[in-house]
Amino acid sequence: MEKINQTNIIKPYDDRRNIAVPGNSNVTTEYCINHFIETAKKCIQDRGYFAVALSGGSTPKAIFKGLARKENHDIIDWSRVLLFWSDERCVSPNSPESNYHMAMEAGFTHLPIPLENIHRMKAEEDPENNAIAYEQLMEEKLNGEPFDLVMLGMGNDGHTASLFPKTHGLHAPEKKVIANFLPQMDVWRMTLTYECINAAREIVIYVLGESKAEMVNKVFTGSYLPDEFPIQRIGTQNHKALWILDEAAAKLL
Ligand code: 6PG
C-alpha cells in the first residue's frame with residue numbers, strides 16, 4: 001500500500017489537539033504503523049532510543065501486527081526500542097485479557113527487542129504497591145525523561161488508558177502511575193496518569209470505526225466535562241495530542 005505523507009494530513013483542531021483522517025480503516029491502520037516507525041526512527045536518531053507506552057485495544061493490536069511484518073524487521077534498530085505500557089488489567093501476563101500478552105503475541109515477540117527493554121506493568125498482584133514500583137522503574141530506565149510516544153485508544157464511554165469516568169484516578173496530580181479502582185466494573189486497573197501522559201513528547205489517540213463516531217463528536221464539540229469524558233483532558237498547549245481517526249469515526253465532525 002502506498003505510504004501517505006505523515007505530516008501533510010495532520011490538521012490543527014484546537015489548542016490541545018491535532019487530527020489526521022487518513023481514510024478507511026485499512027488505510028488508517030497503515031498510516032498508524034508508518035507513523036510509529038517514523039517516530040521511532042527520529043527518536044533513535046536524535047537521542048539514541050525510543051521509549052513508547054503501549055495501549056490495549058483493537059487498533060493498537062492491528063498496529064502491532066503490522067509492525068511485526070517481515071518488511072519492518074530491519075526498518076529501525078529494534079534493540080533501541082524500550083517498551084512500557086499505558087495501562088494494564090489485574091490479570092496474569094499469560095491471560096488473553098492482558099495488554100502485555102496482547103502486544104507481545106500480536107507483534108513484539110516477532111521483533112528483535114531485547115528482553116531487558118520490555119517493561120510490563122505487573123498489575124496482577126498488589127496493584128497499589130506495584131504502581132509505585134512501576135513509577136520508580138520508569139524513572140530509573142528513562143532517567144526522568146518523558147515517554148517519546150504514548151499510544152492511546154478511546155472507549156465508548158470516553159475513557160482512555162484506564163482513566164475511566166468518575167474514578168479517583170482522574171485526580172492524582174502527584175503521581176505518574178496509579179492503581180485505579182473502577183466501581184462501574186468492580187475491578188482494579190493500573191494506568192499512567194494524565195500528568196505522565198500529557199508530559200510525553202508525542203501522544204497519539206487511535207480511534208477507528210463508526211461505533212466511536214458519536215463519542216468522538218461529543219468529546220470534540222461538547223462541553224468540557226473530563227470527569228465524565230476523561231479523554232477530554234488528554235493534550236496540552238505544550239504537547240498537543242494527535243488524534244488519528246478513520247473516516248467512519250470522524251464522520252460526525
Ligand atoms: C484497554 C485500553 C483501553 C482501550 C479503549 C479502546 O486496556 O482496553 O487501554 O483504554 O484503548 O477501550 O479500545 P478499542 O480500540 O478496542 O476500541
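Reader: Which ring does the charged end of Arg120 sit over, and at what distance from its centre?

Author: The ring is that of Tyr100. This is a predicted model, and in it the charged end of Arg120 is 5.9 Å from the centre of the Tyr100 ring. The cut-off for a charge over a ring is 6 Å, so 5.9 Å falls within it.

Reader: Which residue lies over the face of Phe220, and at what distance from the ring centre?

Author: Arg17 does, at 4.6 Å. That value is also within 6 Å, so the distance condition is met.

Reader: Why is the pair of Phe220 and Trp243 called edge-to-face?

Author: Their planes are 70 degrees apart and their centres 4.6 Å apart. An angle over 60 degrees counts as edge-to-face and centres within 6.5 Å count as a pair, so both parts of the name apply.

Reader: What makes the pair of Phe181 and Trp188 tilted?

Author: The angle between the planes of Phe181 and Trp188 is 55 degrees, with 5.4 Å centre to centre. Stacked needs under 30 degrees and edge-to-face over 60, so 55 degrees leaves the pair as tilted. In the whole model the count is eight aromatic pairs.

Reader: How do you know whether Phe181 and Trp188 are buried or exposed?

Author: Neither word applies, because Phe181 has 27% relative accessibility and Trp188 has 32%. Buried is under 20% and exposed is over 50%, so both residues count as partly exposed.

Reader: Are Phe220 and Trp243 buried or exposed?

Author: Both are buried: Phe220 has 6% relative accessibility and Trp243 has 0%. The two values are under 20%, so the word buried holds for each.

Reader: What parts of the chain does the pair of Phe220 and Trp243 link?

Author: Phe220 is in helix H6, residues 213-221, and Trp243 is in strand S10, residues 241-245. The two residues are 23 apart, and the parts they link are distant along the chain. Together with Tyr13 they form one aromatic cluster.

Reader: Which residues have the most contacts inside the largest nonpolar core?

Author: Trp243 is among them, and so are Phe36, Leu54, Leu67, Phe108, Phe147 and Leu192. The core has 75 residues. Its largest share, eight residues, comes from helix H1, which covers residues 25-47. Phe108 touches Phe36, Leu54 and Leu67, and also Phe64, Trp78, Leu83, Ala103 and Ile113, leaving out residues up to four places away in sequence.

Reader: Why is Asn72 called buried?

Author: The relative accessible area of Asn72 is 3%, which is under 20%, so Asn72 is buried. Asn72 is found in the loop between helix H2 (58-67) and strand S4 (81-85). Beyond its neighbours within four places, Asn72 is in contact with Ile33, Ile37, Gly66, Leu67 and Trp78.

Reader: How many disulfides does a search of the whole structure find?

Author: Zero. For Cys43, the nearest cysteine sulfur is that of Cys196, 15 Å away. A disulfide needs the sulfur atoms within 2.5 Å, so Cys43 is in none. Cys43 counts as buried, at 9% relative accessibility.

Reader: Why is there no bond between the sulfur of Cys90 and the closest cysteine sulfur?

Author: The closest one, in Cys196, is 18 Å away, and that is too far for a bond. Cys90 is partly exposed, because its 28% relative accessibility lies between 20% and 50%.

Reader: What is the phi of Lys166, and what is the phi of Asp186?

Author: Phi of Lys166 is near 55 degrees, a positive value in a residue other than glycine. Asp186 also has phi near 55 degrees, and Asp186 is not glycine either. Lys166 is placed in the loop between strands S6 (149-153) and S7 (177-182), while Asp186 lies in the loop between S7 and strand S8 (187-192).

Reader: Are Lys166 and Asp186 buried or exposed?

Author: Lys166 is at 62% relative accessibility and Asp186 at 59%. Both values are over 50%, so both residues count as exposed.

Reader: How compact is the protein chain?

Author: The chain has six helices and 10 strands. Its radius of gyration is 17 Å, close to the 18 Å that the globule rule gives for 253 residues, so the chain is as compact as a globular protein of that length. Of the 253 residues, 54% count as buried.

Conventions
Residues are numbered from 1 along each chain as its sequence is written. This is a predicted model: local features need pLDDT of at least 70, side-chain atom pairs count only at pLDDT 80 or more; totals for chains, interfaces and linings use all residues. Side-chain values use heavy atoms; hydrogens and water are left out. A nonpolar core is a set of buried Ala, Val, Leu, Ile, Met, Phe, Trp, Tyr and Cys residues joined through side-chain atoms within 4.5 Å. Buried means under 20% relative accessible area, exposed over 50%, partly exposed in between (1.4 Å probe, protein chains only). Helices (H or I, at least four residues) and strands (E, at least two) are DSSP runs, numbered from the N terminus. Contact means heavy atoms within 4.5 Å. Rings of Phe, Tyr and Trp (its six-membered ring) pair if their centres lie within 6.5 Å; planes under 30 degrees apart count as stacked, over 60 as edge-to-face and the rest as tilted. A charge sits over a ring if NZ of Lys or CZ of Arg is within 6 Å of the ring centre and within 35 degrees of the ring normal. The radius of gyration is taken over C-alpha atoms; the globule rule is 2.2 Å times the number of residues to the power 0.38.
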